[in-house]
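Work through the exercises below with the sequence and the structure at hand. Try each task before reading its solution.

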Amino acid sequence: MKKKPKKKAAEDKQNTLAELLKKHGAQIYDDLDKGNFPKFSIPSRSVSNIVYDKKIRQYILGTNTAVRSSRNTSQLRAFTQLMWLAFFANRLTGQKKSSTLRDVYYSSQAFEVDFEDQSESDNIIVDLEAVLSSPRESFHVFPEERSSVFGDLTIEYTVPGYEGKKTNLSDHPDGYAIGPSLTSSEFTDTSAEVVIAIEKGGLFTRFVEEQVDKKFKAIIVDTGGQAPRSTRTLLKRLHEELSLPVVILTDGDVYGEHIAMVIKSGSANAAHLRELTVPDAKWVGVWATDIEKYKLPTIPMTESDIKRCHDLLKDPRYQEGIWKKELEVFLKIKRKAELEAFSKYGLTNITDKYLPQKLEIAKSL
Amino acid sequence: MSSKETFSQISPSEFFYRNRDLAGFSNPTRSLYTAVREFVENSLDACDQKGILADVHMSIKAVDAEKPDPKQYILTVRDNGPGIESNHVPLAFGTVLYGSKFGLKQARGMFGLGATMAILYGQITTNKPVIVKSSTDGKIQDEYEMLLDIQKNKPVILKHETKEVSKSGLSVSICLEGDYAKAGTKIRDYVYQTSLITPYATITFDDPKGEKYRYTKVIRTMPPSPTIIRPHPHGIDVETIRRMLLDTNYQIPAVDNNMILKVRKELGLANKNLSHSEIMDKTQKKWKTLTRPVRIVMALMSFLKMDFEKLSKTTIEEIDIGNKKLTYWDFGESQSISIDMDPESFYYKQLANTVQGETLTSFLTKRFQRVGPTTALKFAEYAKFKPEQRIGTMTNQELVKLTDGLQSFDDFMAPDPSCLAPLGESPLKKGMERFFEPDFLEVVQRGASAYSGFPFVIEMGIAYGGKISSRGMKVYRFANRIPLLYDEGSDVVLKVVNDTDWSRYKVKGDPPLVIVSHICSTRVPYKTVGKENVADRPEIERELKLALLSLSRKLSSFMSKRGQAEAAIKRKNLYSKYIPLIAQFCTELAGKKKEPNYKKMITEEPIVEEET
């Protein structure tokens, strides 16, 4: 059964962004032309302005905004940097070129816009995200780290030189890197019924070998630890454009639980963005309760694991359901288990026994 | 215990020889520096006193340049001052405790002892004579080569010659053991700072390495010179009172030939030899026209019952008013003779008045500054003395009581500052201008004030920026036109400067800031004998604070104006750098061809906006 996704979703987004950039540019152009010092407001990203929105189940920015004025000499530099970044983003998207955070830092030097260091330019990038309410991937600034995807999904490239060209993501057994061209492609066709996000590359390979994609009609995504934002964007698109449920498998520890939570509801750092979350995603394991249930080999939790547990218990997102329950069990048993622990029962135990049970449970979560 | 222990008096020279550390001649480094100071200060004082704009030339030459320090140096200081009378030169430079500066007024040195100490030190360490060249009239110069006889405290003249010159002045040259390698910095600092506080003088220094330091006059007018004044009651002690009584009260007149001539003249008996009774008759007739010393001689004659010839062969030894006895030495009989005085006699009362001295009120009004008859009477009541009590009759206990009273009585007027010689605001300002070439300069002279009966005046200057280096605040301390170079840490000026919260005056970090502080007083309260730091008397500290406060306020307003101007320039630079970039970027973003017209935004003077 093939699903027919909405067409041209990626392209529409690009056009909206370009218009937004043009609108801001025109506003500033007019100000300068009249001899006024331009300014604009940016949602404040200070801790006091980050609030949890129960309705959309993620952290968002409050109503506080900071005015950045080019008249104020202490803000003038940052204002210019932001303008340059908008200008640069406009060129990137217009020319369909991609870059990285580090690229941006070095590119600035060609325009006499001096950033002290990369952290300063990274910060301005987040400012532009906040102004445009779009993740940096939308203006073609991509993370260095790459995660992978494998499964029956046909995509159509939009990047220059590949326009119209199609690929099926099950053609290469190592999977496809989730890079700029994949992220900006249109989804044309899939037979998958579920997306399985898995924390570790090793298990991703096992899943491909064991043909989990075919057995469970799944698209398998390797998050490579904490999921990069391009990966989270991909998961969101798979969920929204193809209406696929997303399940997440992580190590059985507090960090694994949080990897799942970030995919589901984002992070406080990205409170200014709303396109990175999959609120319906489900964490299916490894749970703390699984450790006893499956008699998994364990290692003791470290002090920082325990501290992290206590911290998360204060987070509004961990106040109910399995999120709260599993944290409490971790604190009780003070032990953790990795995904590989299932190998104790044979290499395919995880795909043969554990995964089917968990996918079943997911339906009732 | 030795029973042969002997006691002998030592001469002042011997005393100083044994205690030379006290006077700053403890080691070759310190000694060289002290010697320089003593000679330069003597020259400046001598010129100041005569109203001469000083030219002081100092040189230090190594006797053998190859030798390592410490070694022998020849120190020569030459000035254009009044010079010293030829016959005074041996005493002035060849004995200790011979000086001319014993009056009560502000001067650099107190008694002029230091120069002799330096000569003494030179002689001890090198056994070479001092060479003094002096000309008082600008025509004839006397040149002396002398050694000191330490035990006898007498000069030994090795050579004395005269020659013709064209300028008056004094030149002193000594050979002494010194360490210029170590003392050099201090000596150069001393010369530099002395020139700063003496802008009306030219001071030059040729150092042993051939370096020449020249500081020429900045101004050609002399600050008004101080006057010698009577002491203030608050500044008195028992010993001073005792001395004042001694030298005013009365002296037993020396009945020598000069005095007898004077007596004869006043009586109109210049050439006549009359008998005793005839003389006394004449005396009674002329009494009202006679001067005081003659009256005393006549009163004595009335009891001695002598004529002039007999009188010329006697010396009065003691006048004992209490026991009404008069004792004299008769040269003819070579013996001491006592006679009774008739207390009912007119002459006895005259003599008694003289010997017992003036009344307390008269003593206070005549011998102290700023004490009038009313104050004197009030004081007598306060200190429980009869106003008419003769001071000559006071016992030791009464003298102590009188001294305590003088020190503690609050109704005396403040001390007279006319004995002080501050530099003045304008000379100080000109001196600082020349030395520091600052962007900002302010000076202030506070009104006269007093501590413990000693008047003082604070002068202060503050300079900022310009050619001053940004190595942090530098404080130059002066007292009576002498730079204070050592022991900065414990000085009251430093304390006041350090207690100031400079950030309140917009002075931050290591500012290019110089403070010059000058304390003028008849007695500067030094903490130590080395005369390098001033003790923190509350009155002085208060005046220093007020002076610094008024200056730092002015500095503060300069700093904020400067800050505003700097900020405006900085703003303009920033706008010029960034606005064109913004224009470039937004032009492309907006999809326009031509850049917006922003030029006026960076050429016009920007409006100050509060930084938020």
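The exercises cover sheets, a helix, and some backbone angles.

This is a predicted model, in which local features need pLDDT of at least 70, side-chain atom pairs count only at pLDDT 80 or more, and totals for chains, interfaces and linings use all residues. Residues are numbered from 1 along each chain as its sequence is written, while chains are lettered from A and ligands numbered from 1 in the order in which they are written.

**Exercise 1. Describe chain A as a whole.**

Step 1. Count the elements, where helices (H or I, at least four residues) and strands (E, at least two) are DSSP runs numbered from the N terminus. Chain A has 13 helices and 17 strands.

Step 2. Look at burial. A residue is buried if 20 or more other C-beta atoms lie within 10 Å of its own, exposed if 12 or fewer, and partly exposed in between, with C-beta atoms placed from the backbone. Of the 365 residues in chain A, 42% are buried.

Step 3. Look at contacts, meaning pairs of residues whose C-beta atoms, placed from the backbone, lie within 7 Å. Taking contacts in chain A between residues at least 6 apart in sequence, 73% join residues at least 24 apart.

**Exercise 2. Find the strand order and the edges of the six-stranded sheet in chain A.**

Step 1. Strands pair if DSSP finds at least two bridges between them. The order is E10-E7-E13-E12-E14-E15, in an open sheet with mixed pairing.

Step 2. E10 (176-177) and E15 of chain A each have a single partner strand, so one side of each is left without a neighbour in the sheet.

Step 3. E7 (residues 148-150) of chain A pairs with E10(A) in the antiparallel sense over two bridges. Ser148(A) has Ala177(A) as its bridge partner in E10(A).

Step 4. Helix H13 (residues 349-364) of chain A packs on this sheet and touches E14 (246-249) and E15 of chain A. The directions of H13 and E15(A) make about 145 degrees; axes are lines fitted to C-alpha atoms, for helices over the stretch in contact, and angles run from 0 to 180 degrees between N-to-C directions.

**Exercise 3. Describe the three-stranded sheet of chain B.**

Step 1. The sheet is open, has the order E9-E10-E11 and is paired antiparallel. Its edge strands are E9 (314-320) and E11 (335-340) of chain B.

Step 2. The twist from one strand to the next averages 25 degrees.

Step 3. E10 (residues 325-330) of chain B is joined to E11(B) by six bridges. Trp329(B) has Ser336(B) as its bridge partner in E11(B).

**Exercise 4. Is helix H9 of chain A mostly covered or uncovered?**

Step 1. H9 (residues 254-265) of chain A reaches 16 Å from its first C-alpha to its last, close to the 16 Å expected. The expected span is 1.5 Å times one less than the number of residues.

Step 2. The helix is mostly covered, with eleven of its twelve residues buried. Among them are Val254(A), Glu257(A) and Lys264(A).

Step 3. Just after H9(A), Gly266(A) has a positive phi of about 75 degrees.

**Exercise 5. Locate unusual backbone angles.**

Step 1. Most residues other than glycine have a negative phi, and most peptide bonds are trans.

Step 2. Lys96(A) has a positive phi near 55 degrees, and Lys217(A) has one of about 50 degrees. Lys96(A) has 17 C-beta neighbours inside 10 Å, so Lys96(A) counts as partly exposed.

Step 3. The bond from Gly285(A) to Val286(A) is cis, as is the bond joining Asp69(B) and Pro70(B). Pro70(B) lies in the loop between E1 (55-62) and E2 (71-78) of chain B.

Technical notes. Two residues are in contact if their C-beta atoms, placed from the backbone, lie within 7 Å.
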